[in-house]
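This report looks at the ligand sites of one structure. The sequence and model come first, then the surroundings of each ligand.

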Amino acid sequence: MSQINQYAMLLDDAARTATEVSQFDPEGRLSLDQAYEIQAASIQRRVARGERRVGVKMGFTSRAKMVQMGLSDVIWGRLTAGMQIEEGGSVDFSRFVHPRVEPEIAFVLKHSLEGDVTGPQALAAVEAIAPALEIIDSRYKDFKFTLPEVIADNASSSGFVIGAWRDPRTDFSNLGLTLNIDGRVVQVGSTAALLGHPLRSLVAAARLSAQAGEPLQAGWIVMAGGATPAEWIKPGQYVSVDMEQLGSAGFHVRG
Ligand code: OOG
Ligand code: MG
């Protein structure tokens, strides 16, 4: 088995069994292309088990997240249907190693979107927007990794929750938002934290997915990235995001 496939299997097993693994490239020797190959191969294993691909997640699109994790390149990962948690529903804590949550905005596309597109072109492909939460759960011990390692690990993506879909003609460039745990505000931010405008994250998603030979499809979801630092979650908690204009989304963590 190639080294790429070995790492893909390691990370796929770690995600599937919620078991942490040691860093395998702490010096950052793997190229970013190799890291994305590992990611692709590990998600391919899920697809081979019957999981459906439903979109893309963007990472490190806000300064808050770059500073928190000490990395500054925009990265992306693949979303599958098995990662989606019903709005207002619950998820078992045992599915995760050491989960964190972050508030995001999500897009769902009505048209495919490919390559170098402008903001208006990207917006024209959007069917609807919604407040969202991403659960990130690095498979690496202590949530520590290099850039190639986090890319290989599907950009830490582990779960996502999406609120009610809204008309994308709302101005969503600078919507205030809070991340709440058990009704208490734990982070405050704005959608403007995402590259100055969340549409820029969608533009980047269109470019990067096309480069990888998997252009954004009609019906796909794009998670634009965490607008604030992520927070640890624990069994028994109710986690939610409240976003100006767009409303809220939340889930329970079952112990
Ligand atoms: C990497 C994933 C980053 C975001 O929204 O910026 C990310 C991590 O923080 O573990 O999902
Ligand atoms: Mg995220």
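In this predicted model, ligand 1 takes up the space of the largest cavity. Four elements each give two or more residues to the shell around ligand 1: strands β1 (53-59), β5 (100-109) and β6 (126-136), and helix α3 (63-69). The top contributor is β1, with 3 residues.

**The shell of ligand 1**

There are 17 residues around ligand 1. By class, the shell holds 8 nonpolar, 4 polar and 5 charged residues. Which residues come nearest to ligand 1? They are K57, K65, E102, S156 and G226.

Three side chains place a polar atom beside an oxygen atom of ligand 1. The distances are these:

| Side chain | Partner | Distance |
|---|---|---|
| K57 | oxygen atom of ligand 1 | 2.6 Å |
| K65 | oxygen atom of ligand 1 | 2.7 Å |
| E102 | oxygen atom of ligand 1 | 2.7 Å |

How much of the accessible area of ligand 1 does the protein cover? On its own, ligand 1 has 320 Å² of accessible area, and the protein covers 100% of that.

**The magnesium site**

E102 has a second role in the picture. Ligand 2 is a magnesium ion, and its coordinating residues are E102, E104 and E134. Each of them uses OE, at 1.9 to 2.0 Å. Along the sequence, the donor residues follow the spacing E-x1-E-x29-E. E102 sits in strand β5 and E134 in strand β6, so this pair ties together parts that lie 32 residues apart in sequence.

To sum up E102: its side chain has an N or O atom 2.7 Å from an oxygen atom of ligand 1, and E102 also coordinates the magnesium ion.

Methods:
Residues are numbered from 1 along each chain as its sequence is written. Chains are lettered from A and ligands numbered from 1 in the order in which they are written. This is a predicted model: local features need pLDDT of at least 70, side-chain atom pairs count only at pLDDT 80 or more; totals for chains, interfaces and linings use all residues. Side-chain values use heavy atoms; hydrogens and water are left out. A residue is near a molecule or strand if one of its heavy atoms lies within 4 Å of it. A polar contact is a pair of N or O atoms within 3.5 Å; within protein, one must be able to donate a hydrogen and the other to accept it, and residues adjacent in sequence count only if both atoms are side-chain atoms. Accessible areas come from the Shrake-Rupley method with a 1.4 Å probe; for residues, only the protein chains shown count as cover. On a 1 Å grid over the protein atoms alone, a cavity is a set of points where a 1.4 Å probe fits but cannot get out, and a pocket is an open set with protein on both sides within 12 Å along at least five of seven lines; lining residues have an atom within 4 Å of a point. A molecule sits in a cavity or pocket if more than half of its atoms lie within 2 Å of its grid points. Ala, Val, Leu, Ile, Met, Phe, Trp, Tyr, Cys and Pro count as nonpolar, Asp, Glu, Lys and Arg as charged, and the others, Gly among them, as polar. Donors are N, O and S atoms within 2.8 Å of the metal (3.2 Å for Na, K and Ca); water is not among the atoms, so sites may look incomplete.
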